[in-house]
Amino acid sequence: MPSFPNVRLASRPLHFIYLCDCSGSMAAQGKMQALNQAIRQSLPGMARVARDNPEAQVLVRAVCFADRAQWHVPTPTPVEVLQWQDLQAGGVTAMGEALELLAEQLASPPMEERALPPVLVLISDGQPTDDFESSLNNLMGLHWAQKAVRLAIAMGHDADLEVLQQFIGTDPATGQAFASVPDGGISSEPSLGLGASGGRSPRRPLQASNATALAQYIQWASTAVVGAASMPASRIGGKSNGEGNIPLPELPPTLLDPVDDIGPVVW
Amino acid sequence: MTWILPVGASLNFEGLAEPVRIVRGLGSGSQGQVMEVEVAGERLALKWYFPACVTRDRHLEQRLGEAIRATAPSPSFLWPIALLRPTPDAQNQLRSRSGGFGYLMNLRPPAFAGAVDHVAGRLRLSLHSVLMACLRLADAFHALHSKGLCYKDISLGNLFLEPNTGQILICDNDNVDVDGRDLGSVLGTPGFMAPEILLGQARPGADSDLHALAVLIFRLLTRHDPFRGKLELAIRCLDEPARRRLYGEDPVFIFDPQDMRNRPDAEHHAAALLTWPIYPAELQELFVQSFGAGLKDPARRALTGQWQQALTRCLDQRQLCPRCGQENFQPSPTTATEAAPSCWHCSTPLPPPLFLQLPQGAVVAAAGTTVHLHHFDPLQPPQGDRPLADLVAHPSDPSILGLRNLSDQVWRARLCQGDELEIPPGRSVNVAAMAQVHTPEGPITPQRRCPPSQM
């Protein structure tokens, strides 16, 4: 049987790295379970996006931090074979150490010479208990950290939004390092989606006040953002999502939060 | 997944006598969600927009209404059939507080796979199927542009193909607009956007469609990107500013005859180096033109009619390698001194093929090749569907090649021995035995000397 030559498009690696807060407070109100669930549930959708983006080889890793930081998924793992092991909560919040671990891996080598922008997702419900700032400075000295799409998800209302904003970088809308963040969960306003009211923006910490919102943000980061960082999607004219080396997709529409299923608890 | 339209519900829409039953969710994208629905006993797809999308794209409803009235330019489009707005009672059942709307279209049959699956090397299909898909794509855009419309956002993501036949379906037709009117906000998809659109110097229309079409055809034919050569390798992090340079500020075609800066790399861009030489110079020239002078001057881009012509000619000269069976498309030498082309796959020199002479051109006699109205009538546009005849292998002896009558008229064949017989619709005549076939459209004549008569 004649067939098309056995060749395919060359791909570049896309490193997707979770940085997960596993401090003791995450044990409260089922937050740790909610995060484990959200990440696990997001994997099939992420694998689908990876399949639709043959230009990218999507590789997932995860760091967890409590008293110490350590690699939870140390090997860059193709998303379609990743099996998420549950994170356990307990300890303080060594966020700075997590950034140190990340920095070791974002140096070149071990980073490949050529890649797509890495996607880094920092998830926390509290405040760093170690030297966050010097670790962040060290990290941000690296080429791949500067090029990375950096997202942050604040779980509940005790998260240190200022620290998360520092991780993301300057808020493009205000030019300030930190701006107030409205609740990203249930909204009764018919939202225009994107920061139209000066509110939600993917370049600010995403505040997940319940399990549903958390799951939506994790799903958004692992699908829409991965898509944007690998193969670009249709471009709409006019306003873009602030400056950055990857135009970020719209946040999930809050209007779609099912009214009759708002998740177990409000943290 | 939360669906705006509740699965299992029967909803009433304005202007529809019967309610629409929501069968299941099919998918969710950045603009909205697609549901399988049942309307009057028929299964259809319903795309429902997110409120944010409706707010952002305020001409969406107008464009859709006009597209529906214009009707599909060709069967290759999964075209909107009807605009649906919920009645007040249905509105209360939606998981969305603001009204919103959607449109009905046909379901995409399961045999169609994403064009991206082909580019990723996940489909088994022949070069013939891929060329047919490209030809149908050119046909579809020819028909669309002929109606004064433009698509604005063609890319791998909204093209689907059937691997066995090369039939295509173009989805997401909601950016279709009257060319030049610019009622819409979509700019296109990076990698497919013309440089002037990417750089913000022009708005998308039929001219930029021609660039995107050339990119898409290139990507289907080569499984590679026309601008990813050595200049891409110099980029460490392939992000938005890098893409802007590669595709907008300084695009260099990887096979540009003059500018060699962006040649493919043997290791990283092997697909391009292997596939490009398979195609005849006439087809390659259209890429050179579109991705050379056409980058800066949209008027120089290859036109849909040129693609139709070059692709049909390429298909007409398709020849199967006698050793490995692979498909070859290089023209046969016209003089005795020219070297015969070799098979791209096994390097065997290809024997001179048997041509079937037609009033307008000639086709190589190879199983799977088709004969069309444009081979008889110079006023017919070259196209790949509705063949009048095709070449088929004998069901029990594949070495015997037949010319099959696909028309609804009876043909007459004169055999080499001089006998005449009738070829009814659906029947085939052995090509080796025929001297000439008479069809109502004109004659089909094998270009060879008949062996000396045995009689």
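Two strands pair if DSSP finds at least two bridges between them. The model used in these exercises is predicted.

**Exercise 1. The sheet of chain A**

Give the strand order of the open six-stranded sheet in chain A, and find its edges.

Solution.
- Step 1. Write down the order: β3-β2-β1-β4-β5-β6 of chain A, an open sheet with mixed pairing.
- Step 2. Look for strands that pair on one side only. These are β3 (69-78) and β6 (206-208) of chain A, the edge strands.
- Step 3. Add the twist. From one strand to the next, the average is 15°.
- Step 4. Check one pair. β1 (residues 12-21) and β2 (residues 56-65) of chain A run parallel and are joined by ten bridges. Within this pair, F16(A) faces V60(A) of β2(A).

**Exercise 2. Helices across the sheet**

Which strands of chain A does helix α6 lie across? Which strands does α5(A) lie across?

Solution.
- Step 1. Take α6 (residues 211-230) of chain A. This helix lies across β1, β2, β4, β5 and β6 of chain A. Its angle to β5(A) is about 175°.
- Step 2. Take α5(A). It lies across β4 (119-124) and β5 (149-155) of chain A. Its angle to β5(A) is about 165°.

**Exercise 3. The two sides of α3(A)**

Determine where the buried residues of α3 (residues 132-140) of chain A sit on the helix.

Solution.
- Step 1. List the buried residues: F132(A), S135(A), L136(A) and L139(A).
- Step 2. View the helix down its axis. The buried residues of α3(A) fall within an arc of 100°, so they line one face.
- Step 3. Recall the helix geometry. An α-helix has 3.6 residues a turn, so residues three or four places apart point the same way.
- Step 4. Turn to the other side of α3(A). E133(A), S134(A) and N137(A) are exposed there.
- Step 5. Find the packing partners. The buried residues of α3(A) pack against α2 (95-106), α4 (143-147) and α5 (161-168) of chain A.

**Exercise 4. A393(B) and its strands**

Is A393(B) buried, partly exposed or exposed? Describe its surroundings.

Solution.
- Step 1. Count neighbours. A393(B) has 15 other C-beta atoms within 10 Å. Buried needs 20 or more, exposed 12 or fewer. Therefore A393(B) is partly exposed.
- Step 2. Place the residue. A393(B) belongs to strand β18 of chain B. β18 (residues 389-393) and β19 (residues 401-405) of chain B pair antiparallel over five bridges. Opposite A393(B) stands L401(B) in β19(B).
- Step 3. List contacts beyond four places in sequence: A367(B), P398(B), I400(B) and L401(B).
- Step 4. Follow β19(B) onward. It also pairs antiparallel with β22 (residues 428-430) of chain B, over three bridges. There L403(B) has V429(B) as its bridge partner.

Note on methods: Residues are numbered from 1 along each chain as its sequence is written. Chains are lettered from A and ligands numbered from 1 in the order in which they are written. This is a predicted model: local features need pLDDT of at least 70, side-chain atom pairs count only at pLDDT 80 or more; totals for chains, interfaces and linings use all residues. Helices (H or I, at least four residues) and strands (E, at least two) are DSSP runs, numbered from the N terminus. The arc is that of the directions from the helix axis to the C-beta atoms. Two residues are in contact if their C-beta atoms, placed from the backbone, lie within 7 Å. Axes are lines fitted to C-alpha atoms, for helices over the stretch in contact, and angles run from 0 to 180 degrees between N-to-C directions.
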